Amino acid sequence: MYLIYSFSAQTGEVSGDLSYKISYQIVETTNEVLDQGKSYDELAAAADGIHYYVRKAAHMSIYFLLAITVSFPLYVYRIRGFWLMLLAGIICVGFAGLDEYHQSFVAGRGPSIKDVGFDSLGAFAGILLVQLFCWSTLHNPDKRKRKRRHRSR
């Protein structure tokens, strides 16, 4: 949560520059790996083309990680299924809303309901991953059969 708030506290210019550098690095690396031989201007245009998607992927990724860190402990404390989706979802989406409100006080930034939507998609993907992972590892029928056979020996 601190990391999210610290990124949100960056001015619009600083935040835009950081995500543009990442976009440019992606395009430049792709150019080198695929040996495309693009010029600086072509790389800059390509970086501009993916900049929006890089920013939204960052939103989804960081809320994906937040959801995992929120929902895993809840799962361990036996909050599962619908209730896990609801509680972890409220925490993550609520935090996304507060984060967007926080951005309204930062120079060159503003709140965006669309960003809350992208944050929510990442969060719910993280919650689902935790549920699937925990269910598949903790509720594995083969594991129970092995334990029963081991105990009967």
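Arg-78 counts as exposed, at 68% relative accessibility. Arg-78 lies in the loop between α3 and α4, and its phi is near 70 degrees, a positive value in a residue other than glycine. These values, like the others in this report, come from a predicted model.

A further loop residue may be described in like terms. Asp-35 has its place in the loop between α2 (12-33) and α3. Although Asp-35 is not a glycine, its phi is positive, at about 50 degrees. Asp-35 counts as exposed, with a relative accessibility of 67%.

**Overall architecture**

The protein chain contains six helices and zero strands. Read along the sequence, its pattern is α-α-α-α-α-α. The radius of gyration of the protein chain is 21 Å, well over the 15 Å that the globule rule gives for 153 residues, so the chain is more spread out than a compact globule. Taken along the principal axes, the box filled by the C-alpha atoms is roughly 70 × 45 × 20 Å.

Of the 153 residues of the protein chain, 30% count as buried. The protein chain exposes about 10100 Å², and carbon and sulfur atoms supply 66% of that area. As for charge, the chain has 17 positive and 13 negative charges, and the mean positions of the two groups are 29 Å apart.

Contacts along the chain were also considered. Among those between residues at least 6 apart in sequence, 72% join residues at least 24 apart.

**Aromatic pairs**

The structure holds seven aromatic pairs. One of them is formed by Tyr-5 and Phe-95, and this pair is stacked, with 5.1 Å from centre to centre and 25 degrees between the planes. Tyr-5 lies in helix α1 (residues 2-8) and Phe-95 in helix α4 (residues 82-103), so the pair ties together parts that are 90 residues apart in sequence.

Phe-95 counts as buried, at 10% relative accessibility. Tyr-5 is partly exposed, with a relative accessible area of 28%.

Another pair involves Phe-95 and Tyr-63. The ring centres of Tyr-63 and Phe-95 are 6.4 Å apart and their planes stand at 45 degrees, so the pair is tilted. This pair links distant parts of the chain, with Tyr-63 in helix α3 (residues 40-76) and Phe-95 in helix α4, 32 residues apart. Tyr-63 is buried, with a relative accessible area of 1%. Ring pairs thus link Tyr-5, Tyr-63 and Phe-95 into a cluster.

**Selected helix residues**

Val-130 is found in helix α5 (residues 113-138). Val-130 is buried, with a relative accessible area of 4%. Which residues is Val-130 in contact with, leaving aside its neighbours within four places in sequence? They are Ile-68, Ser-71, Phe-72 and Tyr-75.

Leu-87 lies in helix α4. Leu-87 is partly exposed, with a relative accessible area of 34%. Leaving aside its neighbours within four places in sequence, Leu-87 is in contact with Leu-74 and Ile-79.

Thr-69 lies in helix α3. Is Thr-69 buried or exposed? At 54% relative accessibility, Thr-69 counts as exposed.

**Separation in sequence and in space**

Each of these three helix residues can be set beside a partner elsewhere in the chain. The table lists the separation of each pair along the sequence and the distance between their C-alpha atoms.

| Residue pair | Separation in sequence | C-alpha to C-alpha distance |
|---|---|---|
| Thr-69 and Ile-127 | 58 residues | 9.2 Å |
| Val-130 and Tyr-5 | 125 residues | 24 Å |
| Leu-87 and Gly-37 | 50 residues | 50 Å |

Tyr-5, which appears in the table with its C-alpha atom 24 Å from that of Val-130, is also a member of the ring cluster with Tyr-63 and Phe-95. Leu-87, whose C-alpha atom is 50 Å from that of Gly-37, lies in helix α4, and Phe-95 is in helix α4 too. Thr-69 is placed in helix α3, as is Tyr-63; Thr-69 counts as exposed, whereas Tyr-63 is buried.

Methods
Residues numbered from 1 in each chain as written. Predicted model: local features only at pLDDT ≥ 70, side-chain atom pairs only at ≥ 80, totals over all residues. Heavy atoms only, no water. Helix = DSSP H or I, 4+ residues; strand = E, 2+ residues; numbered from the N terminus. Rg over C-alpha atoms; globule rule 2.2 N^0.38 Å. Buried < 20%, exposed > 50% of the residue type's maximum accessible area, 1.4 Å probe, protein only. Contact = heavy atoms within 4.5 Å. Areas by Shrake-Rupley, 256 points an atom, 1.4 Å probe, with all protein chains shown as cover. Lys, Arg positive; Asp, Glu negative; His and termini not counted. Charge placed at Lys NZ, Arg CZ, Asp CG, Glu CD. Phe/Tyr/Trp six-rings, centres within 6.5 Å; stacked < 30°, edge-to-face > 60°.
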